[in-house]
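Visitor: Could you take a close look at one part of this model with me? I would like to see its charged pairs in detail, and then how that part sits in the whole.

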Amino acid sequence: EKIVSTFHRKIGRDRSLLIDGGIAWSLDEALDRARRFAPFDLNWLEEPMSPYNPESYATVRRTAAMPIAAGEMATGAAELQRLIEADAVDVLQIDIARIGLTEAFHEMLSTIVEEHPVILVVDDLHLADEASLAVLHLVLRRARGQTIMVLLLARPGELAHSPQAAR
């Protein structure tokens, strides 16, 4: 709150202030911060929570005084559609590179599978970040009916220390 207040004061009223939550807060923290940031007339609050929970974003959007922005971490059109359907955002951010990379990877894999069965090995799953897991999830959903075997490898005991991979 102090940082936002300082920037708000320094940039003046003729400039816009946008705050990126860095996907760092829980739902309760996002609600609290949105309430505390209300006096600073933000242009938007960007991705305050994990991007894979549109319902939580919708909750924040209903109560926040400022617009809520998200979608930058989406790896495909379906994820963006879920944000829209949940009425979860005021500003839909689309990272063209991320969506393009995901789509290109799936297209490449599908092309290979047409000619040969594929074994896809994901090593060190416990080290995967949210974006990588989202790409993997998309590929797995789209791979139904294709000749793809997926091996997910992790060190014993490490999944317990990786909330992203454990889910």
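**Salt bridges around one helix**

Guide: Let's begin with Arg 36 and Asp 32, which share helix H2 and stand four residues apart, about one turn of the helix. They form a salt bridge, and their closest N and O atoms are 2.7 Å apart. Please keep in mind as we go that this is a predicted model.

Asp 32 has a second partner. Arg 35 also makes a salt bridge with Asp 32, with 2.6 Å between the closest N and O atoms. This pair lies within helix H2 as well, three residues apart, which is again about one turn of the helix. Taken together, Asp 32, Arg 35 and Arg 36 are linked in a network of salt bridges.

How exposed or buried are the three members? Arg 35 has 55% relative accessibility, so Arg 35 counts as exposed. Asp 32, with a relative accessible area of 26%, is partly exposed. Arg 36 is partly exposed too, because its relative accessible area is 25%, and the class of partly exposed residues runs from 20% to 50%.

Now a pair of another kind. Arg 61 forms a salt bridge with Asp 87, the closest N and O atoms being 2.9 Å apart. Here the two partners come from distant parts of the chain: Arg 61 belongs to helix H3 (residues 54-63), while Asp 87 is in the loop between H4 and S4, and their positions lie 26 residues apart in the numbering. Arg 61 counts as partly exposed, because its relative accessibility is 25%. Asp 87, at 48%, is partly exposed as well. These pairs are among the four salt bridges that the structure holds.

Asp 87 deserves a second look for its backbone. Its phi is near 55 degrees, a positive value in a residue other than glycine. The loop that carries Asp 87 runs between helix H4 (77-85) and strand S4 (91-92).

A similar point brings us back to the end of helix H2. Asp 41 is not a glycine either, and its phi is positive, at about 50 degrees. Asp 41 sits in the loop that joins helix H2 (27-37) to strand S2 (44-46). With 58% relative accessibility, Asp 41 is over the 50% limit and therefore counts as exposed.

What does His 8 touch further along the chain? Setting aside its neighbours within four places in sequence, His 8 is in contact with Arg 13, Leu 17 and Phe 40. The C-alpha atoms of His 8 and Leu 42 are separated by 8.7 Å, although these residues are 34 residues apart along the chain. His 8 itself is found in helix H1 (residues 2-11). At 15% relative accessibility His 8 is under the 20% limit, so it counts as buried.

Let's turn to a nonpolar part of the surface. Ile 119, Val 121, Met 149, Leu 151 and Leu 153 form a nonpolar patch there, and together they have about 440 Å² of accessible area. Strand S5 (118-122) and strand S6 (148-152) each supply at least two residues of that patch. Val 121, which has its place in strand S5, counts as partly exposed because its relative accessibility is 46%.

Finally, the whole into which these parts fit. The protein has seven helices and six strands, and from the N terminus on the elements run α-β-α-β-α-β-α-β-α-β-α-β-α. Its C-alpha trace spans about 60 × 35 × 25 Å along the principal axes. Of its 167 residues, 36% count as buried. Among contacts with a separation of 6 or more, 65% are between residues 24 or more positions apart. The accessible surface comes to about 10,100 Å², and carbon and sulfur atoms hold 55% of it. As for charge, there are 17 positive and 25 negative side chains, and the centres of the two sets lie 8 Å apart.

Notes:
Residues numbered from 1 in each chain as written. Predicted model: local features only at pLDDT ≥ 70, side-chain atom pairs only at ≥ 80, totals over all residues. Heavy atoms only, no water. Buried < 20%, exposed > 50% of the residue type's maximum accessible area, 1.4 Å probe, protein only. Contact = heavy atoms within 4.5 Å. Areas by Shrake-Rupley, 256 points an atom, 1.4 Å probe, with all protein chains shown as cover. Lys, Arg positive; Asp, Glu negative; His and termini not counted. Charge placed at Lys NZ, Arg CZ, Asp CG, Glu CD. Patch = residues over 30% accessible without salt bridge, like charges linked within 9 Å, V, L, I, M, F, W, Y side chains within 5 Å. Salt bridge = Lys/Arg side-chain N within 4 Å of Asp/Glu carboxyl O.
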